Amino acid sequence: MTDLALDLPGAAKRPSTARALRWLIGHPPVITLGLIVLVSLVVGAISPEFWQVSNLFDMARASVVSGLFGLGVLIVLATGGLDVSFTAIAALTMYVITKTVTDYAPGTPIAVILACGAAGGALIGALNGQLVHSLKAPSLIVTIGTQYVIRGFLLTFIGTGLFMNIPLSMEAFGKYELWRSAAGNGSIAILPAYVLVLAVVSVVTWWILNRTLIGRAVYAVGGSPAIAERLGYNLRKVRVFAFMYAGLLAGIAGIIHVSSNRLANPFDLAGSELDVIAAVVLGGARITGGSGSVIGTLLGVVLVTLINNVLILAGVPSTWQKVIVGIFIVLAGTLFALRVSR
């Protein structure tokens with residue numbers, strides 16, 4: 001009977017189809033890439049302007065800050081935690097550092113400013129990690145509290161006023177060009193040099209997760225804290241590192257945000273937390289921890305940026321953007337759940 005079944009038309013195709021489906025479910029970034037291609041083809045077919053170089057450069061520019069946030073969230077999610085305070089950390093560090101440099105050291109080089117942003121963000125992030133470990137509380141609750149403390153501090157002592165007199169080095173950094181392209185209609189498309197920061201951070205994050213002991217510890221703690229502790233991993237150090245790294249990237253993202261927009265608004269980044277977390281989840285990271293990749297996170301960021309920035313070209317109202325992101329999250333979550341249950 002088995003031999004006869006294998007000889008039936010299409011019988012040999014079913015096992016190969018099942019294997020292909022299992023492989024696809026086991027490689028979430030491929031699914032995310034497929035969604036990017038699908039959305040791009042649909043939008044490009046409806047509005048050919050989508051393929052203009054200027055639009056692609058705009059997407060790359062819009063992905064930098066979200067990408068830095070996403071890589072930080074990836075590390076925290078991989079440990080089984082969840083951080084929603086990164087935009088508040090970015091807002092605090094970017095405003096305080098921009099104001100301080102402008103008032104007391106206007107000639108400070110951009111490298112020093114970026115280092116100060118990274119150090120300030122890392123310090124707040126490390127505090128998050130220590131609180132999560134010491135209080136034995138869910139990281140979501142702790143970081144919601146941290147976010148409210150920072151936002152309350154900004155609102156009380158700074159208010160909602162914009163600060164437009166940024167240091168010359170930050171303004172120049174935001175204007176540095178990596179690539180310039182002239183379109184046929186006479187317009188100029190510019191790819192800013194600060195996209196290289198995301199490229200460098202992506203490589204460093206990949207190296208940490210895949211080539212270092214702390215990277216293995218991050219996935220081990222996210223997979224099972226009890227087993228990781230029995231294997232000798234220090235849970236406190238791993239958690240503090242994860243939140244510290246997320247804070248460090250948030251500080252850098254804040255400085256880049258000010259440099260690219262040429263103003264410091266303490267509440268400019270508020271509300272983007274869910275988009276970033278959605279991007280990381282769409283890239284294949286599980287909320288429960290123990291998984292996730294740099295390439296998947298970057299693809300997730302591109303997908304969410306694509307939806308938020310170009311669907312208007314296809315005539316899709318902006319009010320539907322969140323609906324589409326939500327649908328993609330549900331579909332991706334279903335496929336990733338199948339991966340876990342296999």
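Arg-61 and Asp-58 sit 3 residues apart in helix H4 (residues 53-78), which means that about one helical turn separates them. Helices here, like strands, are DSSP runs numbered from the N terminus, a helix being H or I with at least four residues and a strand being E with at least two. The side chains of Arg-61 and Asp-58 meet in a salt bridge, with N to O at 2.5 Å, where a salt bridge is a side-chain nitrogen of Lys or Arg within 4 Å of a carboxyl oxygen of Asp or Glu. Arg-61 is partly exposed at a relative accessible area of 29%, and Asp-58 is partly exposed as well, at 40%. Buried stands for under 20% relative accessible area, exposed for over 50%, and partly exposed for what lies in between, with a 1.4 Å probe and protein chains only.

The model described here is predicted, so that local features need pLDDT of at least 70 and side-chain atom pairs count only at pLDDT 80 or more, whereas totals for chains, interfaces and linings use all residues. Residues are numbered from 1 along each chain as its sequence is written, and side-chain values use heavy atoms, with hydrogens and water left out.

**Salt bridges**

The structure holds 5 salt bridges, including the three in the table.

| Pair | Closest N to O |
|---|---|
| Arg-61 and Asp-58 | 2.5 Å |
| Asp-103 and Lys-99 | 3.6 Å |
| Glu-177 and Arg-180 | 2.6 Å |

Asp-103 and Lys-99 both belong to helix H5 (residues 86-104), where they are 4 residues apart, about one turn of the helix. Asp-103 is partly exposed, with a relative accessible area of 41%, and Lys-99 is likewise partly exposed, at 34%. In the pair of Glu-177 and Arg-180, Glu-177 counts as partly exposed at 38% relative accessibility, while Arg-180 counts as partly exposed at 48%.

**Buried positions in helices H8 and H4**

In helix H8 (residues 168-175), the residues Ser-169, Met-170, Phe-173 and Gly-174 are buried. Seen down the axis of H8, these buried residues fall within an arc of 135°, and therefore they line one face of the helix; the arc is that of the directions from the helix axis to the C-beta atoms. Among the elements that cover the buried residues of H8 are H5, helix H6 (110-135), helix H9 (195-211) and helix H12 (235-261).

Helix H4, which holds the salt bridge pair described at the start, also contains Ser-63. Ser-63 is buried, with a relative accessible area of 9%. Apart from its neighbours within four places in sequence, Ser-63 is in contact with Leu-198, Val-301 and Thr-305, contact being heavy atoms within 4.5 Å.

**Aromatic pairs**

A search of the whole structure finds 6 aromatic pairs. The rings of Phe-173 and Tyr-176 have centres 6.3 Å apart and planes at 85°, so this pair is edge-to-face. Rings of Phe, Tyr and Trp (its six-membered ring) pair if their centres lie within 6.5 Å, with planes under 30 degrees apart counted as stacked, over 60 as edge-to-face and the rest as tilted. Phe-173 is buried at a relative accessible area of 8%, whereas Tyr-176 is partly exposed at 45%. The rings of Phe-241 and Tyr-245, with centres 5.9 Å apart and planes at 25°, form a pair that is stacked. Phe-241 and Tyr-245 are 4 residues apart in helix H12, separated by about one helical turn, and both are buried. Ring pairs also link Phe-173, Tyr-176 and Tyr-194 into a cluster.

**Surface and whole chain**

On the surface, Leu-33, Val-37, Leu-41 and Trp-51 form a nonpolar patch with about 390 Å² of accessible area together. Patches are made of residues with over 30% relative accessible area and no salt bridge, like charges being joined within 9 Å and nonpolar side chains (Val, Leu, Ile, Met, Phe, Trp, Tyr) within 5 Å. Accessible areas come from the Shrake-Rupley method with a 1.4 Å probe, and for residues only the protein chains shown count as cover. Leu-33 lies in helix H3 (residues 28-46) and counts as partly exposed at 42% relative accessibility.

The secondary structure of the chain comes to 15 helices and 2 strands, and of its 342 residues, 48% count as buried. Among contacts between residues at least 6 apart in sequence, 78% join residues at least 24 apart. The accessible surface of the chain comes to about 16,500 Å², of which 69% belongs to carbon and sulfur atoms.
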